[in-house]
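Q: Please take a close look at the ligand and its surroundings. Then set that part against the rest of the model.

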Amino acid sequence: MTPIEGFSKLSKEDKIRWIAQSISPEHSTEYEAELISYFHPQPEVQKLYDEFSENTITNFYIPFGIAPNVLINGELYAVPMAIEESSVVAAASKSAKFWLSRGGFKAEVISTKKIGQIHFLWKGDYHKLYCVFDELREELLGNAASITKNMTARGGGVLDVELVDARHLIQDYYQLKITFDTCDSMGANFINSCLENFAQSFKAWLLGKEMFTSEEKDVNVVLCILSNYTPECLVRAWVECPITELGQIEDQSAEQFAQKFKTAIEIAKKDIYRATTHNKGIFNGIDAVVIATGNDFRAIEACGHTYAARSGQYRSLSDCSIENGHFKFWLDIPIAVGTVGGLTGLHPLAKRSLELLRRPSAEQLMKIIAVTGLAQNFGAIKSLVTTGIQKGHMKMHLLNILRHFSATEKEVAQAIEHFKTNVVSFTAVRELIEKIRVDYDSLV
Ligand code: MEV
């Protein structure tokens, strides 16, 4: 491949042609046709997808599945999940069914605050600035009124502006730490617009203030940006029941299962290798709903992992207790999502997802997402401490492996029958397919 100037300026057709010729010069026509085959049949919808990002040449499909029977605070949901990994939707669905007859999931939003920061270097007298900070706060809020008006009318807006002395971290370093409530929107654009406006006002205000020396009038604003760490945009999801109600699980009594389950959580609270995988399982569920509803899964992941390390050590996000014969399993997690604005109202399937969830508020969506993460985690740990993960996983994965060998419908049917009583592995599937084909060849 050779470097290219002005790729972004090429038409979509020319971009496709260039890619096809660069990657597959001998079969560029087929390559182009394949890319084009993934276009949406309606050109106006395709245009919409193209415009979500830049340099788009086609669409990348991810399966969109449903986990039904998810009972949350007495209300039943069919949860949309966009995920490519096999077993995830199945595990969430199985957990939902398990808890459906045991009172379902509970969830509550603990707080909904978000943070934005203006990071600046300043060589002035901190105490002078500190003394007039209330005046500065009023100035900032007043000047940003045109940006904050609508959000304030919806019940949100700027909740607080604090001056943070961070000189112990970097010489002359301070922050304006601003707390927001962005109601049903994720609020990234709102927060960033406010911050940039505040930074301008801050500079202008300093310049006009007699009490500051000329050096103090000069502030070096390094950057203004929201923080994706939102520990105060927090939701708790949980399940609980008397241990006896858990029933016999595989070959384990309810008591044995509960104890082993709790030990598995303890391990994930202490061992960072296990904690990472444990939390990855939680995000299997969380990301799938976040993506399906048109939210930003990178933000949610980044925040969740930071939160998991808030004690100074990376730990399990979920926790478990057994007290007086009562089993409780819960997940506390910051989830900053929106149900209005951004992609939520533009992406056709994100719109459908939100409809399916009965047009939830951001707080309701936080609960649904946290519950799906918990359901996923319950399913994973339940399998891990009983049958092991591979039994169910490889059964689900069987179709992917069969596809790899371009198995015919008849071969797929034979393989499914065979692996009802045999352990699935890549080699075992290959050997079976080879045997089926050899047997077939010897017959014809
Ligand atoms: C696989 O995607 C997720 C699990 O590894 C999670 C876990 O180990 O808890 C099964």
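A: Accessible areas come from the Shrake-Rupley method with a 1.4 Å probe, and for residues only the protein chains shown count as cover. On that basis the protein has an accessible surface of about 23000 Å². Carbon and sulfur atoms hold 54% of it. The model is predicted, so local features need pLDDT of at least 70 and side-chain atom pairs count only at pLDDT 80 or more, while totals for chains, interfaces and linings use all residues. Numbering runs from 1 along each chain as its sequence is written, and side-chain values use heavy atoms, without hydrogens or water.

Start with the ligand. Its space is the second largest pocket (an open set of points on a 1 Å grid over the protein atoms alone, where a 1.4 Å probe fits, with protein on both sides within 12 Å along at least five of seven lines). A molecule sits in a pocket if more than half of its atoms lie within 2 Å of the grid points. Two elements give two or more residues each to the shell: helix 10 (272–292) and helix 13 (362–384). Helices are DSSP runs of H or I with at least four residues, strands are runs of E with at least two, and both are numbered from the N terminus. Helix 10 provides the largest share of the shell, six residues.

Now the shell itself, with a heavy atom within 4 Å as the cut-off. E85, R274, T277, H278, K280, G281, N284, A380, L384 and I389 surround the ligand. Three side chains make polar contacts (N or O atoms within 3.5 Å) with ligand oxygen atoms. E85 places a polar side-chain atom 2.6 Å from one. For K280, the distance from a polar side-chain atom to a ligand oxygen is 2.7 Å. For R274, an N or O atom of the side chain is 2.8 Å from a ligand oxygen. Taken alone, the ligand exposes 300 Å². The protein buries 82% of that area.

Next, the loop between strand 8 (233–242) and helix 9 (254–270), where Q252 lies. Q252 is buried (under 20% relative accessible area), at 8%. A polar atom of the Q252 side chain lies 2.7 Å from the backbone oxygen of V385. Contacts (heavy atoms within 4.5 Å) beyond four places in sequence link Q252 to G247, F257, K260, V385 and T386.

Helix 12 (residues 348–356) holds S353. S353 counts as buried because its relative accessible area is 0%. Beyond four places in sequence, S353 is in contact with F64, P80, A292 and T293.

Strand 5 (residues 157–165) holds D160. D160 is partly exposed (between 20% and 50%), at 30% relative accessibility. It touches R137, K177, I178 and T179, leaving out residues up to four places away in sequence. T263 sits 103 residues from D160 along the chain, and their C-alpha atoms are 42 Å apart.

Finally, the whole protein. It has 16 helices and 10 strands. Its C-alpha atoms fill a box of roughly 100 × 70 × 40 Å along the principal axes. Of the 444 residues, 46% are buried. Take contacts between residues at least 6 apart in sequence: 70% of them join residues at least 24 apart.

Conventions. Buried means under 20% relative accessible area, exposed over 50%, partly exposed in between (1.4 Å probe, protein chains only). A polar contact is a pair of N or O atoms within 3.5 Å; within protein, one must be able to donate a hydrogen and the other to accept it, and residues adjacent in sequence count only if both atoms are side-chain atoms. On a 1 Å grid over the protein atoms alone, a cavity is a set of points where a 1.4 Å probe fits but cannot get out, and a pocket is an open set with protein on both sides within 12 Å along at least five of seven lines; lining residues have an atom within 4 Å of a point.
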